[in-house]
Amino acid sequence: MFAGRFDHALDEKGRTMMPKRFRDRLGVTDDRTVWMVKALDGRHLEVRPGSSFKTYFEKVSSVPQTPVIKHIKRVYFGAAMEVDVDGAGRLLVPAALRKELGLTDKITFVGADENYFEIWNPDDYEASKEQFA
């Protein structure tokens, strides 16, 4: 399960160390890549291990393919980027995604559920919490 909040540094090349708990979870699923995509709300990244991404795609593809579902698939899956996780547990946040979300030197990892975690700009994450307080 991906759970917890972790604040990490992001270097000038966009590399960051995944939280140990998240690295351990990838080890259980034997995934060496993750898929990053800007969430549909546009406020953060959703990050799914390769196996979870495939399962999610199959689940979305199994529902009736209405024009709305087709549009969501096109926007979500069409923008997804596969990213390698190196042996030390580092990953590279692509420049385009960093720019879109204003990710600079600090990021916040947030566990979302068993299948994915999120990456936020720390200020945006704090603001999102206040929205529901």
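Below, a biologist and a modeller talk through the strands, helices and aromatic rings of a predicted model.

Biologist: Let's start with the sheet: what is the order of its strands?
Modeller: Happy to, and please keep in mind that this is a predicted model. The sheet is open, has 6 strands and pairs in the antiparallel sense. Its edge strands, each pairing on one side only, are β1 and β5 (81-84). Read across, the order is β1-β7-β8-β4-β3-β5.

Biologist: How much does the sheet twist from one strand to the next?
Modeller: The value is an average over the steps from one strand to the next. It comes to 30°.

Biologist: How many residues of strand β7 are buried?
Modeller: Let's look at the partners of β7 before the count. Strand β1 (residues 5-9) runs antiparallel to β7 and is joined to it by 5 bridges, while strand β8 (residues 117-120) pairs with β7 over 4 bridges, also antiparallel. Strand β7 itself spans residues 106-111 and is mostly covered. Of its 6 residues, the number buried is 5.

Biologist: Which residue of β8 is the bridge partner of Thr 108?
Modeller: A few pairs help you find your way here. His 8 stands opposite Ile 107 in β7, and Gly 111 stands opposite Phe 117 in β8. A hairpin of 5 residues joins β7 to β8. For Thr 108, the partner in β8 is Trp 120.

Biologist: Which strands does helix α1 touch?
Modeller: Helix α1 covers residues 20-29 and packs on the sheet. Its direction makes about 55° with that of β7. The strands it touches are β1, β3, β4, β7 and β8.

Biologist: And what angle does α3 make with β3?
Modeller: Helix α3 packs on the sheet as well, where it touches β3, β4 and β5. Its direction and that of β3 make an angle of about 130°.

Biologist: Now the aromatic rings: how are Trp 35 and Phe 53 arranged?
Modeller: There are 13 aromatic pairs by the rule used, and this is one of them. The ring centres of Trp 35 and Phe 53 are 4.5 Å apart, with 5° between the planes. Planes under 30 degrees apart count as one class, so the arrangement of this pair is stacked.

Biologist: How far apart in sequence are the parts that this pair ties together?
Modeller: Trp 35 sits in strand β3 (residues 33-38), whereas Phe 53 belongs to helix α2 (residues 50-62). The pair therefore ties together parts whose separation in sequence is 18 residues.

Biologist: Is Trp 35 buried or partly exposed?
Modeller: The relative accessible area of Trp 35 is 22%. Buried requires under 20%, so Trp 35 is partly exposed. Its partner Phe 53, at 11%, counts as buried. For Trp 35, then, the word is partly exposed.

Biologist: What kind of pair do Phe 53 and Phe 77 make?
Modeller: Phe 53 in helix α2 and Phe 77 in helix α3 (residues 67-79) are 24 residues apart, and their pair links distant parts of the chain. Phe 77 counts as buried, at 15% relative accessibility. The ring centres are 5.4 Å apart and the planes lie at 70°, so the pair is edge-to-face.

Biologist: Which arginine lies over the face of Tyr 56?
Modeller: Tyr 56 is part of one aromatic cluster with Trp 35, Phe 53, Phe 57, Tyr 76 and Phe 77. Elsewhere, Arg 25 lies over the face of Phe 2, 5.9 Å from the ring centre. Over Tyr 56, at 3.8 Å from the ring centre, lies Arg 48.

Biologist: Which side chain makes a polar contact of 2.6 Å with Glu 46?
Modeller: Glu 46 lies in strand β4 (residues 45-49) and is buried, with a relative accessible area of 12%. Leaving aside residues up to four places away in sequence, Glu 46 touches several residues, including Trp 35, Val 37 and Tyr 116. The polar contact of 2.6 Å joins its side chain to that of Tyr 76.

Biologist: Last one: what separates the C-alpha atoms of Leu 101 and Pro 19?
Modeller: Leu 101 is found in helix α4 (residues 95-101), and at 7% relative accessible area Leu 101 is buried. Beyond four places away in sequence, its contacts include Lys 38, His 44 and Asn 121. Pro 19 lies 82 residues away along the chain, and the C-alpha separation is 20 Å.

Terms used. Residues numbered from 1 in each chain as written. Predicted model: local features only at pLDDT ≥ 70, side-chain atom pairs only at ≥ 80, totals over all residues. Heavy atoms only, no water. Phe/Tyr/Trp six-rings, centres within 6.5 Å; stacked < 30°, edge-to-face > 60°. Helix = DSSP H or I, 4+ residues; strand = E, 2+ residues; numbered from the N terminus. Buried < 20%, exposed > 50% of the residue type's maximum accessible area, 1.4 Å probe, protein only. Lys NZ or Arg CZ within 6 Å of the ring centre and 35° of its normal. Polar contact = N/O pair within 3.5 Å; in protein donor to acceptor, adjacent residues only side chain to side chain. Contact = heavy atoms within 4.5 Å. Pairing = 2+ DSSP bridges. Axes fitted to C-alpha atoms, helices over the stretch in contact; angles between N-to-C directions.
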